[in-house]
Amino acid sequence: MKIIITGGAGFIGSHVARHFVLTYPNYQIVNLDALTYAGNLANLKDIETEPNYSFVKGDIRDVSFIDELFVREQPDAVIHLAAESHVDRSISNPTDFVLTNVVGTVNLLNAARAIWGNDGTKRFYHVSTDEVYGALGETGMFTEETKYDPHSPYSASKAGSDHFVRAYHDTYGMNTVISNCSNNYGANHFPEKLIPLAIHNIKNNKPVPVYGKGENIRDWLWVNDHARAIDVIFHKAAPGSTYNIGGHNEWKNIDLIRLLCKIMDKKLGRAEGTSESLITFVKDRAGHDLRYAIDSSKLQRELGWVPSLQFEEGLEKTVDWYLSNEEWLENVTSGAYKDYYEAQYVQR
Ligand code: NAD
Ligand code: DAU
């Protein structure tokens, strides 16, 4: 089987690509990625010489490139992760999100349909987010039946792409699958997102920006557990189905950051409380969703997936990874990152 994994040089995509390359030596894995600011081939250094892995640099917005690639590669399946993924960037530049997340997804669906025709054995898997469901109050959880209610340009674009994937199943009979996952954390996470940004700033004695009062709640899952869930869903889910993925692990942002500060103090040999003094409350994100919580019982019940790691242990592992991969962090936080970072926080 040959699988095109899109976005394989990004955070989650790199873990998914590694998982498939190493777990299934008889599959050919083609990593298709445009290497935007978020894509980084260093994330895949350890697998780049594996005989069942190859990399193609290319943009999913480019119709003729994508069509030709599919004709040339003749994939049996697509696992689609390539996207603009950061909510704050979607607030300042929504159009990029429409072009990559919506139009790019439709380009891939068209290219796949053109070579697969009615062959129902060929699978298109779209990796999506719990943010399409909108925001929760104090109680309740998102299930697969929760109505889509996206609020940010990012989540609206992901909802749009989910609808197109579903439409290609309902209209053309394409064998599609969608999974909607909660917040991931772990190695290779770009330091514009809360956890790696906080680790980076604490390490460098810089302010740790917490939006609003830090009372928003996210449901965190270790990225390797997400990759394992994608494996199970890819192999076992029925055509046209949808699965939620999450670890029943809700954290208020401020509590999470305080825990991270404690871990960092210990790891850096600082007196307890040193890192916490870096916490800085800044202007809230526009339209900031209050709470996400994923009910993943369908995935657990039907396909037997369960998360493998407790959050405290995973967070410590993540800190260890960042502290022992200084060069990775240095590389991704030099150049254009600095401009983005400065622009972000001057406004607040
Ligand atoms: P990321 O930003 O780290 O990586 C995205 C990758 O896509 C990068 O390698 C980038 O180069 C590539 N890419 C972007 N635009 C492209 C284009 N036009 N053509 C080809 N490649 C392009 O994102 P991530 O956090 O790894 O998220 C991966 C997917 O998982 C996304 O679809 C996201 O919506 C979804 N998701 C993310 C999370 C999370 O917590 N990070 C949770 C649920 C779902
Ligand atoms: O829920 C899944 C989604 O999780 C994915 O679909 C997105 O691709 C991914 O980026 C993530 O979105 P969030 O907006 O939840 O992640 P982020 O790390 O940007 O923010 C997490 C929370 O922390 C959120 O409530 C905003 C807050 N925050 C974020 C940053 C960057 C801060 O308080 N300070 C910050 O500097």
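This passage describes the surroundings of ligand 1 and the contact between the two domains in a predicted model.

Ligand 1 is surrounded by 29 residues, of which Ile12, Asp33, Ser85, Tyr154 and Lys158 come nearest. Oxygen atoms of the ligand pair with polar protein atoms at several positions. In the side chain of Asp33, an N or O atom is 2.5 Å from an oxygen atom of ligand 1, and for the side chain of Ser85 the corresponding distance is 2.6 Å. At Phe11 a polar backbone atom takes part, 3.0 Å from an oxygen atom of ligand 1. On its own, ligand 1 has 840 Å² of accessible area, and the protein covers 97% of this.

Four secondary-structure elements, α1 (11-23), β5 (123-129), α5 (153-172) and β7 (183-185), each supply at least two residues of the shell around ligand 1. The most is given by β5, with three residues. Sorted by class, the shell comprises 13 nonpolar, 12 polar and four charged residues.

The domain assignment divides the protein chain into domain 1 (2-184 + 220-245) and domain 2 (191-218 + 250-286 + 311-343). Their C-alpha centres lie 27 Å apart. Domain 1 contributes 13 residues to the contact, and domain 2 contributes 15 residues. Between them the domains bury about 1300 Å², with 54% of this area on carbon and sulfur atoms. On the domain 1 side, His86, Asp88 and Trp220 lose the most area to domain 2, and together these residues account for 46% of what that side buries.

Definitions and conventions: Residues numbered from 1 in each chain as written. Chains lettered and ligands numbered in written order. Predicted model: local features only at pLDDT ≥ 70, side-chain atom pairs only at ≥ 80, totals over all residues. Heavy atoms only, no water. Near = heavy atom within 4 Å. Polar contact = N/O pair within 3.5 Å; in protein donor to acceptor, adjacent residues only side chain to side chain. Areas by Shrake-Rupley, 256 points an atom, 1.4 Å probe, with all protein chains shown as cover. Nonpolar A, V, L, I, M, F, W, Y, C, P; charged D, E, K, R; others polar. Domains from an automatic or database assignment. Contact = heavy atoms within 4.5 Å. Buried area = accessible area lost by both parts, 1.4 Å probe.
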